[in-house]
Amino acid sequence: MMKKRYVFYIISLILFLISCFMQKETKIIFEGIATLFLLEEEIEGLIKNIQNHKITIIPYLDIVLAICFFLFKEEKLFFIYKWIEQVLHFLFIKSFKESPNIEMNTIDFLKNRKGDLKKIYLFFLFFAGVLSLFLLNKERKVFFLFFLTILLLLKQNRLRPKLTFIYQASLKKIEEKNIILHKANALEQLQHCDEIILTKTGVLTYGEMEITKIIPVYQTKEDIFKYATLLEKQSNHSIAKAFHGKYKDKEEHQVSFISEMKGKGIRGVIDGMELVFGNVTLFEELNIKYPRVEFLHPTSMIAVDGTYVGTFVFKDEIRNDLEFLFPLLKEEGITKSVLLSSSSKEQIKKIASHLSITESYANLTLEDKLAILKNEKRFHRILYIDDVYQTSEFMKIADVTVSMKPNKNCDIEFTDGNINHLLFLRKEIKNLMKIRNKITRFYVLFLICSFLLAFLNYKNLLYISILLLFYEVTTFYLLKSHKKNL
């Protein structure tokens with residue numbers, strides 16, 4: 001397809017150059033054929049749509065403009081501008097499409113930019129309308145050619161492929177970091193977040209629980225370990241995984257009932273015994289008495305027939321590369337960080353202090369976490385992070401949700417479980433918006449200068465072509481520089 005376009009551009013230029021040495025009647029014919037070769041893609045699309053009974057003017061405005069310029073006998077102006085515009089666009093796509101995973105037709109990011117682009121074009125339509133008031137006393141040809149030039153400039157969306165490229169280039173880098181964006185606007189939403197709310201297990205820790213101590217009361221360690229294993233056998237929670245494969249019992253057990261309560265624990269009836277295994281919240285809900293002791297590590301208690309019989313102490317290592325994360329995130333605009341956990345107050349306070357986390361809450365249920373999230377949302381734009389996505393309610397409240405494990409329901413997924421990616425994403429979106437704004441401002445400047453040139457003299461479309469060449473070359477090197485910085 002690219003080779004075909006390349007050949008057509010060459011043929012159109014040759015025919016146009018030949019026309020320069022022709023007589024008036026023959027000259028117009030050659031210029032017309034040269035223009036047809038130049039607009040081959042638009043003409044081919046128009047023919048297909050006519051066959052399918054789908055005809056819309058906007059995609060084929062170039063054909064209409066070409067006809068209008070020919071009627072005003074200024075086809076040379078149209079051809080020179082359009083040829084430069086088409087060739088530069090062709091070279092731009094050819095240069096950047098060589099990069100792997102860069103698809104120029106991806107428009108998810110641009111869908112979120114439609115409002116900005118419309119504002120730009122509405123402004124320039126108003127600007128053109130104001131300028132046209134000064135041309136009312138001129139001859140009609142000047143007035144109409146001015147508007148044809150304006151339409152030609154606005155029709156060629158020089159900004160769209162550039163924005164597509166910078167977004168796709170950033171996406172490529174993000175994918176290489178084991179980050180998956182499940183929503184097109186996730187990066188922009190992340191840019192505006194000023195508070196991070198996160199859980200402990202699997203986010204600040206590795207989420208790989210290891211039993212370090214069993215404290216039995218009234219029964220043996222072996223018995224309470226067996227009870228806990230039977231309850232956690234079907235669960236995939238991080239605490240449950242600490243029991244998987246650890247107990248081999250050849251006896252068959254009669255399981256009458258098992259119910260898992262997220263954020264609290266698990267209860268069931270096995271071999272006629274009512275077993276409860278969970279945290280402080282669950283024991284208080286069931287009015288089970290237990291010794292009130294603060295541990296510096298995660299714990300779960302177990303009860304048989306309503307009587308507390310022991311405590312399990314677990315070890316879940318804090319990730320060893322988080323010391324500078326939250327202070328650096330603060331420099332990047334995340335002014336507040338909140339740690340939510342079902343673990344003990346002493347443990348959570350110690351972790352929050354060590355990692356410079358602003359606030360921390362302990363002994364929480366899922367409902368407690370949701371209530372805190374709702375309250376914080378009143379004053380901040382929230383980034384919520386969890387090891388698993390527990391309920392759709394969190395997504396409805398938080399502005400951006402991040403999962404540390406595979407989860408298609410969240411906005412952003414860190415497939416390798418590295419929370420430090422947050423710092424990378426904040427910097428990347430800042431760089432992305434910086435280059436985007438720079439190119440957008442440059443495009444606006446190009447349009448202003450082009451409009452003024454068209455106003456001063458409609459034949460200045462030749463000088464506008466030179467201005468376009470300067471704009472394209474400059475943005476090309478800006479994008480090349482952006483690509484090198486990735």
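The following dialogue examines a helix pair and a sheet in a predicted model.

Mentor: In this predicted model, local features need pLDDT of at least 70, side-chain atom pairs count only at pLDDT 80 or more, and totals for chains, interfaces and linings use all residues. Residues are numbered from 1 along each chain as its sequence is written, and side-chain values use heavy atoms, with hydrogens and water left out.

Trainee: Why are H8 and H18 called roughly antiparallel?

Mentor: Helix H8 (residues 140-155) and helix H18 (residues 421-456) pack at about 165°, their axes 10 Å apart. Angles over 145 degrees count as roughly antiparallel, and H8 and H18 are therefore given that description.

Trainee: Which residues make the contact between H8 and H18?

Mentor: With contact meaning heavy atoms within 4.5 Å, H8 contributes Phe146, Thr149, Ile150, Leu153 and Leu154, while H18 contributes Tyr443, Phe446, Leu447, Ser450, Phe451, Ala454 and Phe455. These residues divide into 10 nonpolar, 2 polar and no charged; Ala, Val, Leu, Ile, Met, Phe, Trp, Tyr, Cys and Pro count as nonpolar, Asp, Glu, Lys and Arg as charged, and the others, Gly among them, as polar.

Trainee: What makes S3 and S4 the edges of their sheet?

Mentor: The open sheet has 6 strands in the order S3-S8-S7-S6-S5-S4, with antiparallel pairing. Strand S3 (210-216) and strand S4 (255-261) each have a single partner strand, so one side of each lacks a neighbour in the sheet.

Trainee: How do you know that S3 pairs with S8?

Mentor: Two strands pair if DSSP finds at least two bridges between them. S3 and strand S8 (residues 307-315), which run antiparallel, are joined by 6 bridges, so the criterion of at least two is met. Lysine 213 has valine 313 in S8 as its bridge partner.

How values were computed: Axes fitted to C-alpha atoms, helices over the stretch in contact; angles between N-to-C directions. Helix = DSSP H or I, 4+ residues; strand = E, 2+ residues; numbered from the N terminus. Parallel < 35°, antiparallel > 145°, perpendicular 65-115°, else oblique.
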